[in-house]
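Biologist: Hi, do you have a minute to go through this model with me? I have a few quick questions.
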Amino acid sequence: VRGLDPIEEDAARGKVIVVTGANSGIGKEACKQLYAAGATVLVAARSREKATAACEEIARDARGDASRVDGDAVRDRIAP
């Protein structure tokens, strides 16, 4: 079995991607890869606290640049 290649830097620049289950596991790791590749990542999680914590970790791993990661955008747009 061949592993997946990392996403090339800037491959996702200008794209907006929603990741569900993004506060842990594969979802959070996908966010990190997509964010590193230049995407704006909307983190979807069941709780705002978990989404916020995931966003902080993703931003920290991206050397503190949190300009393209948002845990509130999805909830704010789909909540009644």
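Biologist: Let's begin with helix 2: how many Å should its 14 residues span, and how far apart are its end C-alpha atoms?
Modeller: Happy to help, and keep in mind that this is a predicted model. At 1.5 Å a residue, helix 2 should span 20 Å, and its end C-alpha atoms are 20 Å apart, so the two values agree.

Biologist: Thanks! Which residues in helix 2 are buried?
Modeller: Those are A51, A54, C55, I58 and A59. Looking down the axis of helix 2, you find its buried residues within an arc of 135°, so they line one face of the helix.

Biologist: And what is exposed on the other side of helix 2?
Modeller: There you have E49, K50, E56 and R60, which are exposed.

Biologist: Let me zoom out for a moment. In what order do the elements run from the N terminus?
Modeller: The order is β-α-β-α-β-α, with three helices and three strands in the chain. The chain has 80 residues, and 34% of them count as buried.

Biologist: What share of the contacts with a separation of 6 or more comes from residues 24 or more positions apart?
Modeller: Such pairs account for 65% of those contacts.

Biologist: Now the core. Which members of the largest nonpolar core touch the most other members?
Modeller: V19, C31, V41 and V43 do, out of 14 residues in that core. Helix 1, strand 2 (40-44) and helix 2 (48-61) each supply at least two residues of the core. The largest share is from helix 2, with four residues.

Biologist: You mentioned C31. Is C31 buried or exposed?
Modeller: C31 counts as buried, because its relative accessibility is 0%. C55 is also buried, at 9% relative accessibility.

Biologist: Why is there no bond between the sulfur of C31 and the closest cysteine sulfur?
Modeller: The closest cysteine sulfur to that of C31 is in C55, 7.7 Å away, and that is too far for a bond. A disulfide needs the two sulfur atoms within 2.5 Å, and the count of disulfides comes to zero.

Biologist: OK, over to helix 1. How does its end-to-end distance fit what its twelve residues should span?
Modeller: The twelve residues should span 16 Å at 1.5 Å a residue, and the end C-alpha atoms of helix 1 are 17 Å apart, which agrees. Its buried residues are G27, K28, C31, K32, L34 and Y35.

Biologist: K28 caught my eye there. Why does K28 count as buried?
Modeller: Its relative accessibility is 14%, and buried means under 20%, so K28 falls in that class.

Biologist: What does the side chain of K28 join up with through a polar contact?
Modeller: The side chains of K28 and E57 are joined by a polar contact of 2.8 Å. Leaving out neighbours within four places in sequence, K28 is in contact with G21, A22, N23, A54, E57 and I58. A54 and I58 are among the buried residues of helix 2.

Biologist: One last spot: where is G38 found?
Modeller: G38 is in the loop between helix 1 and strand 2. Just after helix 1, G38 takes a positive phi of about 100°.

Biologist: Is G38 buried or exposed?
Modeller: G38 is buried, with a relative accessible area of 3%. The C-alpha atoms of G38 and A12 are separated by 5.0 Å, although these residues are 26 residues apart along the chain.

Technical notes. Residues are numbered from 1 along each chain as its sequence is written. This is a predicted model: local features need pLDDT of at least 70, side-chain atom pairs count only at pLDDT 80 or more; totals for chains, interfaces and linings use all residues. Side-chain values use heavy atoms; hydrogens and water are left out. Buried means under 20% relative accessible area, exposed over 50%, partly exposed in between (1.4 Å probe, protein chains only). A polar contact is a pair of N or O atoms within 3.5 Å; within protein, one must be able to donate a hydrogen and the other to accept it, and residues adjacent in sequence count only if both atoms are side-chain atoms. Contact means heavy atoms within 4.5 Å. A nonpolar core is a set of buried Ala, Val, Leu, Ile, Met, Phe, Trp, Tyr and Cys residues joined through side-chain atoms within 4.5 Å. The expected span of a helix is 1.5 Å times one less than its number of residues. The arc is that of the directions from the helix axis to the C-beta atoms.
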